[in-house]
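Please open the structure in your viewer and keep the selection tool at hand. The tour goes stop by stop.

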Amino acid sequence: MADAVEALSAGLAALGRQFHEQFEAAPDEAALRALRASVLGKKGELTSLLKLLAQVPPERRKEMGELVNGVKQEVEARFEARREALARAARAAELAAPPLDLTLPGRAPAPRGHLHPITQVRWEVLDIFAQLGFEQAWGPEVELELNNFEKLAFPAEHPAMDMQDTFWVRVGGDDQLRTLLRTHTSNVQSRELSARRPPMAIVSGGAVYRRDDDVTHSPMFHQVEGFLVDEGVSFAHLKGVLTTFARRLYGEAAPVRFRPSYFPFVEPGAEVDVGCVFCDVAAGTRAGCRVCKGTGWLEVLGCGMVHPEVLERCGIDSERFTGFAFGMGIERLAMLRYGIPDIRLLFENHPRFLAQF
Ligand code: FA5
């Protein structure tokens, strides 16, 4: 019993010296709290000394209890004093540090990507036709000769079918299986006119391929095709739809003209030109303009009344139904819209070029 008193007194004396020094040496509040827990925590040194109290003779228990309590209060007081000192030192260091300069410019956010200008224009074009009531359809880029040429009434010896103009995929063997990279999106006409019955108003966009390569011609480019077939459709409907389209895309004041032209699958046929953005059509053209070749106009689409022969080849009664069709080059539309002088810029994909759209 007397041993317990001795052990307790010795323990308290040692602890008193030890925690005092340790608290003063704690570098920050976290370390200080850990030290406090090592004294007052569940497994702390003072807590284990407290257990000895049970073995102290009853007549000395009060005295020893007060001693333990005194040490406990001292631990708390020292802890609090050191915590305040640490907080004061931290605040002083903060105030002494170089000031935060709120006038520095912020960090620029990482540049955000966006859709390629060809995709932007393609979507815009398809949107305008959707507003005019046209439904969207799809056609393959590797196509049967039948759908790309035959059903569209291309005569057998038409130069477009030449090896010099078209990328052929399969030419040997069965004639029915001759395939090519579609040269226009008009293959969608062959497919939809064969698969559906009028009335129909359809648009379709996608990549097409030709053996072409200069500032306004690329071997791979994009077209949007549209056609409308019903009873009583006339050239006036075609002109109305395409003029509305051009005004929505280029603004009410955009110069637009229809020019007679020939395509085997329309009769009559026309081409639509839009005023060259690099020249002023009214004031005369800019000498040596490479885009419009000095004409002041850039051809953007071909169109016409669907040839009765095409309707018949696709199983539609040409006595009862008539229709119009058009096919436009998306790159040409984009060049005019954004003032791009060379079609090849659209495919080189230089980030400084693309960032402008
Ligand atoms: C056609 O491709 C016809 N299928 C369009 C058509 C559809 C006419 C329906 C009548 C009825 P054309 O070969 O003219 O037509 O091409 C149409 C448009 O594609 C041109 O006006 C031009 O804007 C664009 N284009 C043609 N070749 C190229 C090329 N190599 N690079 C970029 N754009 C081109």
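The stops below begin at the ligand and then move to a helix, some backbone details and a few pairs of residues.

Keep in mind throughout that this is a predicted model.

**Stop 1: the ligand**

Select the ligand and show the surface of the protein around it. The ligand sits in the largest pocket. Four elements give two or more residues each to the shell around the ligand: β6 (220–230), β8, β9 (297–306) and β10 (322–329). Which of the elements gives the most to this shell? Colour β9 to see the answer: β9 contributes five residues, the most of any element.

Now select the shell itself. The ligand has 26 residues around it, and those that come nearest are His-184, Ser-186, Arg-210, Asp-212 and Glu-299. Coloured by class, the shell shows 10 nonpolar residues, 10 polar ones and six charged ones.

**Stop 2: polar atoms at the ligand**

Show Ser-186 as sticks. An N or O atom in the side chain of Ser-186 is 2.9 Å from a nitrogen atom of the ligand. Next, show the backbone of Gly-329, where a polar atom is 3.4 Å from an oxygen atom of the ligand. Then add the side chain of Arg-332: one of its polar atoms lies 3.5 Å from a ligand oxygen. How much of the ligand does the protein bury? Taken alone the ligand exposes 680 Å², and the protein buries 94% of that.

**Stop 3: helix α10**

Arg-332 leads to the next selection, since Arg-332 is one of the buried residues in α10. Select residues 330–338, which make up this helix. Is α10 largely enclosed or largely open? Seven of its nine residues are buried, so the helix is largely enclosed by the rest of the structure. The buried residues are Ile-330, Glu-331, Arg-332, Leu-333, Ala-334, Met-335 and Leu-336. While the helix is on screen, look along its axis: an α-helix has 3.6 residues a turn, so residues three or four places apart point the same way. Go on to Gly-339, just after α10, where phi is positive at about 65°.

**Stop 4: two cis peptide bonds**

Select Pro-198 and Pro-199 together. The peptide bond that joins Pro-198 and Pro-199 is cis, and omega is about 5°. Pro-199 belongs to the loop between α7 (187–195) and β5 (200–209).

Where is the other cis bond of this stop? Select Glu-267 and Pro-268: the peptide bond from Glu-267 to Pro-268 is cis, with omega near -5°. Pro-268 is found in strand β8, residues 266–275. Strand β8 was also met at the ligand, as one of the elements that give two or more residues to the shell.

**Stop 5: positive phi outside glycine**

Select Ala-153 in the loop between α6 (145–148) and β3 (168–170). Ala-153 is not a glycine, yet its phi is positive, near 65°. Is Ala-153 buried or exposed? Ala-153 is buried, because its relative accessible area of 14% is under the 20% cut-off.

Then select Asn-349, in the loop between α11 (345–348) and α12 (351–354). Phi of Asn-349 is near 60°, again a positive value in a residue other than glycine. Asn-349 is partly exposed, with a relative accessible area of 37%.

**Stop 6: distances between pairs**

For the last stop, draw lines between C-alpha atoms. Start with Leu-345 in helix α11, a partly exposed residue with a relative accessible area of 27%. Leu-345 and Met-335 are 10 residues apart in sequence, and their C-alpha atoms are 9.8 Å apart.

Move to Asp-214, in the loop between β5 and β6. Asp-214 is partly exposed, at 30% relative accessible area. From Asp-214 to Ala-334 the sequence separation is 120 residues, and the C-alpha distance is 16 Å.

Next, select Glu-145 in helix α6. Glu-145 is buried, with a relative accessible area of 9%. Between Glu-145 and Phe-221 there are 19 Å from C-alpha to C-alpha, for residues 76 apart in sequence.

Finish at Gln-55, in the loop between α3 (45–52) and α4 (58–96). Gln-55 is partly exposed, with a relative accessible area of 44%. What separates the C-alpha atoms of Gln-55 and Thr-179 in space? The line between them spans 103 Å, and the two residues are 124 apart along the chain.

How values were computed. Residues are numbered from 1 along each chain as its sequence is written. This is a predicted model: local features need pLDDT of at least 70, side-chain atom pairs count only at pLDDT 80 or more; totals for chains, interfaces and linings use all residues. Side-chain values use heavy atoms; hydrogens and water are left out. Buried means under 20% relative accessible area, exposed over 50%, partly exposed in between (1.4 Å probe, protein chains only). A residue is near a molecule or strand if one of its heavy atoms lies within 4 Å of it. A polar contact is a pair of N or O atoms within 3.5 Å; within protein, one must be able to donate a hydrogen and the other to accept it, and residues adjacent in sequence count only if both atoms are side-chain atoms. Accessible areas come from the Shrake-Rupley method with a 1.4 Å probe; for residues, only the protein chains shown count as cover. On a 1 Å grid over the protein atoms alone, a cavity is a set of points where a 1.4 Å probe fits but cannot get out, and a pocket is an open set with protein on both sides within 12 Å along at least five of seven lines; lining residues have an atom within 4 Å of a point. A molecule sits in a cavity or pocket if more than half of its atoms lie within 2 Å of its grid points. Ala, Val, Leu, Ile, Met, Phe, Trp, Tyr, Cys and Pro count as nonpolar, Asp, Glu, Lys and Arg as charged, and the others, Gly among them, as polar.
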